[in-house]
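Biologist: Can you pull up the model? I want to go through the packing and the charged pairs.

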Amino acid sequence: MITGQGSKLGRTIHGLAYDAVHDEIIVPNALADAILVFRGSANGDEPPIRVIQGPCTRLVTPHSVSIDAEHGEILVASLTGKRINVYRWDANGNAAPLRVITGPQTQLGHLVGIAVDPVQNLMAVANSEDILIFNRTENGDVAPRARIAGPKTGITDEPWQMQFYKGKIYLAASNHLHVNLYSGVTLKESSKAVPDDPWLNPTLGFVGIWNITGNGDVPPRAMIRGPFSGLLHPVGLALNPDDGEIYVSDSVRNGILSFVVPDLFELKDQNSSSEHKE
């Protein structure tokens with residue numbers, strides 16, 4: 001476990017990525033506007049080996065990170081900055097990004113997840129109420145090449161962390177209600193009829209899988225959901241394809257659930273869909 005003041009982790013750690021090529025752990029620190037890089041074997045009160053931080057980085061509340069080991073890049077999604085920053089894998093200090101996707105044409109909003117397909121050169125982003133797909137090398141104020149959104153997707157609010165595997169996006173579709181607690185607007189004044197607890201949207205979340213080439217109001221190719229799954233509003237997601245396992249953290253249950261679903265890593269028929277209600 002990495003913890004302590006020397007680690008510079010702070011109290012706002014939501015995202016995480018592991019660089020298997022260089023055996024490094026990449027962690028965003030939202031309140032410090034920083035990206036921390038640790039040794040893969042780091043333990044205890046150990047300082048990061050690199051810190052990306054400073055005005056030239058153009059970091060604003062970094063929330064989620066993804067590693068593109070094939071192209072040697074770190075991709076960072078901003079929680080409130082409506083932007084995606086891309087850095088060299090070994091960036092350090094007040095380093096400028098290689099590319100920044102931001103601007104009104106991008107449709108970027110509340111970003112909490114990001115995944116990259118280095119083979120097809122595509123990047124997926126968990127946006128406010130949708131999944132946006134960009135070309136991996138885009139830069140500036142560019143429109144997404146595709147958008148997955150609509151009632152058939154099952155996403156009503158707050159898609160969270162996502163992972164990529166063999167042409168597919170694996171998403172923790174939280175569906176918890178996002179409420180700005182400092183806006184002065186009460187839940188009863190909100191347009192959404194939900195209980196007084198801002199996390200308990202009556203539309204429960206799920207784990208969904210889409211092709212990274214998907215577009216429009218398309219249902220997931222497969223899902224994990226339902227009362228026996230134990231999922232309420234899942235937010236974190238990790239994949240273990242070798243053992244056919246998916247690990248999911250749930251914001252309401254405050255726990256981690258493990259699902260043995262090897263068939264969900266071998267989806268072949270693009271027109272079929274399956275559902276797991278563990």
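Biologist: Is Phe265 buried or exposed?

Modeller: Phe265 is buried, with a relative accessible area of 2%. Buried means under 20% relative accessible area, exposed over 50%, partly exposed in between, using a 1.4 Å probe and protein chains only. Keep in mind that this is a predicted model: local features need pLDDT of at least 70, side-chain atom pairs count only at pLDDT 80 or more, and totals for chains, interfaces and linings use all residues. Residues are numbered from 1 along each chain as its sequence is written, and side-chain values use heavy atoms, with hydrogens and water left out.

Biologist: How many aromatic pairs are there?

Modeller: Three turn up in a search of the whole structure. Rings of Phe, Tyr and Trp (its six-membered ring) pair if their centres lie within 6.5 Å; planes under 30 degrees apart count as stacked, over 60 as edge-to-face and the rest as tilted. Tyr170 and Phe265 make a stacked pair, at 5.6 Å centre to centre with 25 degrees between the planes.

Biologist: Which parts does that pair tie together?

Modeller: Tyr170 sits in strand β14 and Phe265 in the loop between β19 (255-260) and β20 (274-276), so the pair ties together parts 95 residues apart in sequence. Strands are DSSP runs of E, at least two residues, numbered from the N terminus. Tyr170 is buried, at 0% relative accessible area. Tyr165, Tyr170 and Phe265 form one aromatic cluster.

Biologist: And what about Phe206 and Trp210?

Modeller: That pair is tilted, because the ring centres are 6.4 Å apart and the planes are at 50 degrees. Both Phe206 and Trp210 are buried.

Biologist: Switching to the largest nonpolar core. Which residues touch the most other members?

Modeller: Ile131, Ile133, Met162 and Leu171, out of 21 residues. A nonpolar core here is a set of buried Ala, Val, Leu, Ile, Met, Phe, Trp, Tyr and Cys residues joined through side-chain atoms within 4.5 Å.

Biologist: Which elements give two or more residues to this core?

Modeller: β10 (122-126), β11 (131-135), β12 (146-148), β13 (159-165), β14 (168-173) and β15 (206-211). Apart from this core lies another, of 17 residues, among them Tyr165, Tyr170, Val207 and Phe265.

Biologist: Back to Met162. What is Met162 in contact with?

Modeller: Leaving aside neighbours within four places in sequence, the contacts of Met162 include Gly113, Ile114, Ala124, Ile131, Leu171 and Leu237. Contact means heavy atoms within 4.5 Å.

Biologist: Now charges. How many salt bridges?

Modeller: Seven. The rule is a side-chain nitrogen of Lys or Arg within 4 Å of a carboxyl oxygen of Asp or Glu. One of them joins Arg50 and Glu24, at 2.7 Å, N to O. Arg50 is in strand β4 (residues 50-53) and Glu24 in strand β2 (residues 24-29), so this bridge ties together parts 26 residues apart in sequence. Arg50 is buried at 10%, and Glu24 is buried at 8%.

Biologist: Where do Asp130 and Arg147 sit?

Modeller: Asp130 is in the loop between β10 and β11, Arg147 in strand β12, 17 residues apart. Their side chains meet in a salt bridge of 2.7 Å, N to O. Asp130 counts as buried at 6% relative accessibility, whereas Arg147 is partly exposed at 39%.

Biologist: Which residues do shared partners join into one network?

Modeller: Asp68, Glu73, Arg99 and Arg136, through salt bridges.

Technical notes:
Helices (H or I, at least four residues) and strands (E, at least two) are DSSP runs, numbered from the N terminus.
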